[in-house]
Amino acid sequence: MTIDLEATFDAYHDGLHRYLVRLVGDPDLAADAAQEAFLRLAQRPPRSLDNLKAWLFTVGTNYAFDTLKVARRRGAILQESPDRTPVGEPAVAPDVSLERQERSRVVRNGLDKLREKERVTLLMRAERFLLSGDRGRFGHLVQLGRRRCGASAAQTRGGASAL
């Protein structure tokens, strides 16, 4: 028993989405629930395809209600103990953000001036450096990049250090 997912999606998605929007009142949650219903259909279809529409609507409804329950529980936990509220990253000041963008632009321009082999070599070494967490070797990495990439890398570093 195979399911034509495209035909099934075309036949039921709009109605399922409208139903879920009316049910939960949140178009984003409704879209997620409808998507989850079709994802589950693709991954684990029902044993019987006799009433596929009812199965999709049930899966979508259950997903939406489960998501609402989780959100309500999290809200209650945060109300009871505000000290457990997750703290996000502090907002970045506009001048700092602008400086980061400019530095990124300078580095990208410098990378664009390198030949492909030099660019790949430098980026691979930088990636290995970032993954290793060995910040002490940064100077060594820059020196190696300058030697390997010649004048273009030197110009890039010079332009970036001016920022």
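In the predicted model, Leu23, Phe65 and Leu68 together form a nonpolar patch on the surface, with an area of about 220 Å². One of these residues, Leu68, belongs to helix α3, which covers residues 52-80. Leu68 has a relative accessible area of 30% and is therefore classed as partly exposed, a class that lies between buried, under 20%, and exposed, over 50%.

The protein as a whole contains 6 helices and 0 strands, and the order of its elements, read from the N terminus, is α-α-α-α-α-α. Of the 163 residues in the protein, 23% are buried. Among the contacts with a sequence separation of 6 or more, 53% are between residues 24 or more positions apart. The exposed area of the protein comes to about 12,100 Å², and 52% of that area is supplied by carbon and sulfur atoms.

Helix α1 comprises residues 5-24 and includes Thr8. Because its relative accessibility is 9%, Thr8 counts as buried. When residues up to four places away in sequence are set aside, Thr8 is found to touch Ile3, His13, Phe38, Leu41, Leu52 and Leu56. Two of these partners, Phe38 and Leu41, are listed among the buried residues of α2, while Leu52 and Leu56 appear among the buried residues of α3. Ala11 also lies in helix α1, but with a relative accessible area of 54% this residue is exposed. The C-alpha atoms of Ala11 and Lys53 are 9.1 Å apart in space, although 42 residues separate the two in sequence.

Helix α2, formed by residues 27-43, has 17 residues, and the distance from its first C-alpha to its last is 24 Å, close to the 24 Å expected at 1.5 Å a residue. At the start of this helix, a side-chain oxygen of Asp26 comes to within 3.1 Å of the backbone nitrogen of Asp28. The buried positions of α2 are Leu29, Ala30, Ala33, Ala34, Glu36, Ala37, Phe38 and Leu41, and the cover over them includes α1 and α3.

For helix α3, a span of 42 Å should follow from its 29 residues at 1.5 Å a residue, and the separation of 42 Å between its end C-alpha atoms agrees with this expectation. Buried residues in α3 are Leu52, Leu56, Phe57, Val59, Gly60, Thr61 and Ala64, and these are covered by elements that include α1 and α2. Thr61, which is located in helix α3, has a relative accessible area of 11% and is therefore buried. The side chain of Thr61 reaches the backbone oxygen of Phe57 at a distance of 2.7 Å. Beyond its neighbours within four places in sequence, Thr61 is in contact with Tyr19, Leu20 and Leu23. Of these partners, Leu23 is also one of the residues that make up the nonpolar surface patch with Phe65 and Leu68.

Terms used
Residues numbered from 1 in each chain as written. Predicted model: local features only at pLDDT ≥ 70, side-chain atom pairs only at ≥ 80, totals over all residues. Heavy atoms only, no water. Patch = residues over 30% accessible without salt bridge, like charges linked within 9 Å, V, L, I, M, F, W, Y side chains within 5 Å. Areas by Shrake-Rupley, 256 points an atom, 1.4 Å probe, with all protein chains shown as cover. Salt bridge = Lys/Arg side-chain N within 4 Å of Asp/Glu carboxyl O. Helix = DSSP H or I, 4+ residues; strand = E, 2+ residues; numbered from the N terminus. Buried < 20%, exposed > 50% of the residue type's maximum accessible area, 1.4 Å probe, protein only. Contact = heavy atoms within 4.5 Å. Expected span 1.5 Å × (residues − 1). Polar contact = N/O pair within 3.5 Å; in protein donor to acceptor, adjacent residues only side chain to side chain.
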